[in-house]
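Student: I should like to understand how the terms applied to a protein model are justified. May we look at one together?

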Number of protein chains: 2
Amino acid sequence: MSKEIGVTVKKEEDYSEWYTQVVLKSELVDYASAKGFMVLRPYGYVIWENIQGILDKAFKRLGHQNAYFPSLIPESLLRKEAKHFSGFIPEVFWVNEAGNNKIGERLAARPTSEAIAYYSYAKWVRSWRDLPLLLNCWNSVLRAEIKSTKPFIRTSEFLWQEGHTVHESKEDAASEVMTILRLYKDFIEETLAIPVVVGSKSDREKFVGALYTMSLESMMPDGKALQMGTSHHLGQNFSKAFGITFLGKDKQNHFAWQTSWGVSWRLIGATIMVHGDSKGLVIPPKIAPIQIVVIPIVFKKESSAQVLERASLFYKTLTDAGFKAVYDDRDGYTPGWKFHEWELKGVPIRLELGPRDISQSQITLVSRDDGEKTVIGEELLVDRVTSMLDEIQSRLKAKAKKMSEAYTSEADSYESLKQIIKTKGGFVKSPWCGDQKCEDKIKDETGADIRVLQVNSEEKSPSCVYCGQPSNQIAYFGKAY
Amino acid sequence: MSKEIGVTVKKEEDYSEWYTQVVLKSELVDYASAKGFMVLRPYGYVIWENIQGILDKAFKRLGHQNAYFPSLIPESLLRKEAKHFSGFIPEVFWVNEAGNNKIGERLAARPTSEAIAYYSYAKWVRSWRDLPLLLNCWNSVLRAEIKSTKPFIRTSEFLWQEGHTVHESKEDAASEVMTILRLYKDFIEETLAIPVVVGSKSDREKFVGALYTMSLESMMPDGKALQMGTSHHLGQNFSKAFGITFLGKDKQNHFAWQTSWGVSWRLIGATIMVHGDSKGLVIPPKIAPIQIVVIPIVFKKESSAQVLERASLFYKTLTDAGFKAVYDDRDGYTPGWKFHEWELKGVPIRLELGPRDISQSQITLVSRDDGEKTVIGEELLVDRVTSMLDEIQSRLKAKAKKMSEAYTSEADSYESLKQIIKTKGGFVKSPWCGDQKCEDKIKDETGADIRVLQVNSEEKSPSCVYCGQPSNQIAYFGKAY
């Protein structure tokens with residue numbers, strides 16, 4: 001494969017340029033005409049469909065239903081929850097005209113759907129019999145990006161899902177927040193093979209309008225943290241602003257308790273960053289659009305018919321067994337060129353079949369992540385591919401875990417915290433007193449903010465890494481995307 | 001069920017009010033805060049998911065892939081195909097601000113994606129090897145509605161799919177147009193059980209920017225036609241505007257040939273209109289969110305345990321057999337109330353089970369469309385439900401066909417055309433010379449326009465119903481939504 005088609009920089013040498021080349025050259029995405037926007041191309045879209053499929057089933061199994069709310073929100077509605085509005089205002093795209101006419105009240109292109117959904121919820125929720133109301137939306141949201149675009153990670157529009165639930169009690173809502181957090185954690189760790197740290201956000205970093213925010217954070221190979229998803233307890237902030245009340249079993253009217261939560265196509269970006277290598281994508285088998293590519297090795301005319309026949313037979317065996325397979329018998333490309341292309345595209349397994357394999361009734365399988373070749377007897381094809389996919393998924397998970405652990409440090413002193421952030425990056429676990437002043441100072445002086453907070457489970461009560469006051473929580477400090 | 005919950009008008013007496021009540025009270029949709037917009041509620045969303053699932057599989061079987069393009073389109077891009085732009089300008093929502101800043105070039109909220117997609121296509125298409133390019137998008141589009149909103153039928157935002165394909169030759173594109181037209185026709189007739197008339201649009205009615213438009217039109221019970229979907233041959237209009245060229249097998253550069261096509265959630269509106277009755281929705285089994293509801297009939301305490309146990313057993317039998325079933329054992333509602341609620345929701349089959357059924361080892365099944373009761377032996381449950389669903393689907397189709405045929409007339413003279421449109425409505429088939437002047441006059445004088453055109457296959461060459469000039473095509477005139 002020519003230089004222009006393949007990735008021309010090493011992941012270790014120029015990580016940012018590597019990422020850009022990988023997502024563009026593997027044809028996952030392209031830049032769009034409008035600044036800050038991207039196009040999700042078919043190969044990328046299938047990964048999103050695979051993520052959607054798994055999450056959608058998991059949500060439904062827990063009783064959630066899907067719905068669709070409008071993409072334009074009247075300004076007055078967005079203003080109803082004041083903090084929420086002020087938090088989103090810097091990034092809202094505003095519609096002021098329809099056709100050739102100015103419109104009376106400007107409309108916000110949906111930055112998130114709390115306001116528009118809860119307008120409806122106020123009409124739908126009447127009694128405790130209507131609760132819990134468990135809805136989810138698959139849509140896109142718009143948030144004007146002032147920083148430079150990074151496909152999947154930072155774009156002015158992104159595909160995501162947003163859950164919006166209503167409950168009778170604060171406890172029920174808290175339980176929903178944790179149920180979803182666990183669901184996300186399990187999905188990211190088992191399906192995307194990426195370890196996550198979970199915990200609460202500080203008040204500074206929580207969702208604007210929430211009582212509290214639980215977050216999932218993963219470590220990227222450049223030592224920066226990436227927020228993978230969030231699950232918010234909204235308390236009664238929105239129910240009071242929007243008038244969502246219900247007649248309780250006690251015959252009294254109550255304001256409802258709410259949650260919202262979401263993950264976006266950013267998960268695809270994280271997967272690329274964590275697992276990819278200098279040859280291109282390495283896609284975990286569980287979300288791979290193509291799990292195995294069958295490549296006949298044909299050099300001489302005389303042997304080609306038999307190779308092609310056997311290769312297409314194996315392709316059929318694989319698809320019949322339920323694998324996502326591709327048969328690449330394109331003319332005009334050398335086997336080597338094809339190897340490189342499918343490596344760039346991150347297909348977990350390559351099946352090579354040449355005249356020598358046939359003469360020995362064998363098949364050569366190559367795993368994308370470590371490049372290992374395995375030669376097996378033909379009759380073992382389905383069994384071996386099944387186990388290899390499992391092994392690749394496990395290896396990716398283990399490797400990511402190792403990377404993430406290597407990037408997790410502890411610091412008891414501020415000097416140490418500063419030093420680690422400056423030299424190594426990653427997560428630095430330090431006690432924090434809970435005072436936003438310390439948090440602000442640390443952010444200003446090191447560039448690291450609190451990614452998540454966890455309750456300190458150790459017996460001794462440590463002192464805040466910044467001010468020395470007693471602390472009952474451990475903060476994961478880190479620089480973030 | 002109380003008057004307020006059920007539909008309070010008969011379909012035959014106040015069709016428009018009936019439709020509004022049905023879609024709202026069955027909880028398919030709700031009005032949104034912004035004028036002209038609607039919310040798709042969970043029960044309606046499942047119908048859309050069912051439609052999506054079937055169509056998506058059919059598209060993919062033909063080699064189409066999904067992608068996502070941005071929802072905001074720079075004005076300069078939308079202007080590239082001049083007719084296209086002028087056609088959409090009256091209904092475009094414009095974004096002028098991002099956060100607190102005016103933006104340089106205003107952005108159109110996507111009214112359709114030709115412009116934004118073809119900007120990318122110009123980059124992606126290089127050689128005949130890249131063709132055909134067969135993409136589809138599932139998204140929502142925004143078109144400011146000046147007329148009053150009718151849920152599913154006329155809203156300022158709607159969910160749809162839009163296919164966008166690129167081909168080497170005019171013939172290849174023409175063949176794609178027809179392939180999709182047939183796919184749509186089969187889906188609407190077999191899955192939605194609604195007959196359609198297919199044909200081309202006149203130049204006046206075709207898609208702005210297309211060479212020609214093929215359309216699918218169905219007759220609604222009030223004698224008005226509804227456009228169900230369209231499939232456009234775009235010729236080279238857009239490829240010339242956007243510079244989509246490819247190196248042909250002849251080593252020459254050529255402008256590509258393109259198609260676009262789409263159907264929207266309007267299909268749900270048509271299904272409600274055609275099949276619904278004065279009790280509410282009647283949903284064709286093939287897209288029903290719930291195919292059968294199991295209702296235990298419990299009056300006296302002493303017999304209730306046995307009834308509940310058997311009913312829940314039958315529910316389990318049905319779900320195990322793959323049916324979409326619901327078990328309604330809610331307390332505090334009479335069986336009669338439940339019957340009405342599930343009738344309102346259009347569930348194809350109701351299973352009733354009372355003490356007398358149990359003592360006789362029988363089950364009572366009631367079909368929603370005709371209200372017929374069938375008493376069967378318990379052991380026949382799965383077999384009978386399978387065949388009943390098929391029978392209901394067939395009956396709905398036959399009934400719709402009868403309605404549509406009753407609304408299809410022929411007129412040789414303009415007097416007759418006018419008379420039919422005025423008194424009876426429906427489709428009126430008449431010869432038309434092809435001159436837009438006649439078309440305009442007929443529209444002005446009768447309110448009917450040409451829904452589709454078909455080639456006249458009869459031997460004698462008839463004369464235009466308006467001007468008397470020779471005609472080689474038959475126009476389906478009708479008033480439309």
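Tutor: The following exchange sets values beside the definitions of the terms.

Tutor: This is a predicted model, in which local features need pLDDT of at least 70, side-chain atom pairs count only at pLDDT 80 or more, and totals for chains, interfaces and linings use all residues. Residues are numbered from 1 along each chain as its sequence is written, while chains are lettered from A and ligands numbered from 1 in the order in which they are written.

Student: What makes chain A as compact as a globular protein of that length?

Tutor: The radius of gyration is taken over C-alpha atoms, and the globule rule is 2.2 Å times the number of residues to the power 0.38. For 481 residues the rule gives 23 Å, and chain A has 25 Å, which is close, so chain A is as compact as a globular protein of that length.

Student: How do you know that the two copies are related as by a two-fold rotation axis?

Tutor: Copies are superposed by least squares on the C-alpha atoms of residues with pLDDT of at least 70 in both. A rotation of 180 degrees, with 0.0 Å of shift along its axis, places chain A on chain B with an RMSD of 0.0 Å. The two copies are therefore related as by a two-fold rotation axis. The residue of chain A that comes closest to this axis is A:Val95, at 2.1 Å (C-alpha).

Student: Which residues count as being in contact, and how many do so between the chains?

Tutor: Two residues are in contact if their C-beta atoms, placed from the backbone, lie within 7 Å. By that test, 45 residues of chain A touch 45 residues of chain B. Strand β5 (residues 93–98) of chain A gives the largest share of chain A's side, six residues.

Student: Why are β5(A) and β5(B) said to pair?

Tutor: Strands (E, at least two residues) are DSSP runs, numbered from the N terminus, and two strands pair if DSSP finds at least two bridges between them. β5(A) and β5(B) have five bridges, in the antiparallel sense, and thus pair. Within this pairing, A:Glu97 has B:Trp94 as its bridge partner.

Student: Why is strand β7 of chain B called mostly covered?

Tutor: A residue is buried if 20 or more other C-beta atoms lie within 10 Å of its own, exposed if 12 or fewer, and partly exposed in between, with C-beta atoms placed from the backbone. In β7(B) (residues 133–142), seven of the ten residues are buried, hence the description. Ten bridges also join β7(B) to the antiparallel strand β8 (residues 157–167) of chain B.

How values were computed
Helices (H or I, at least four residues) and strands (E, at least two) are DSSP runs, numbered from the N terminus.
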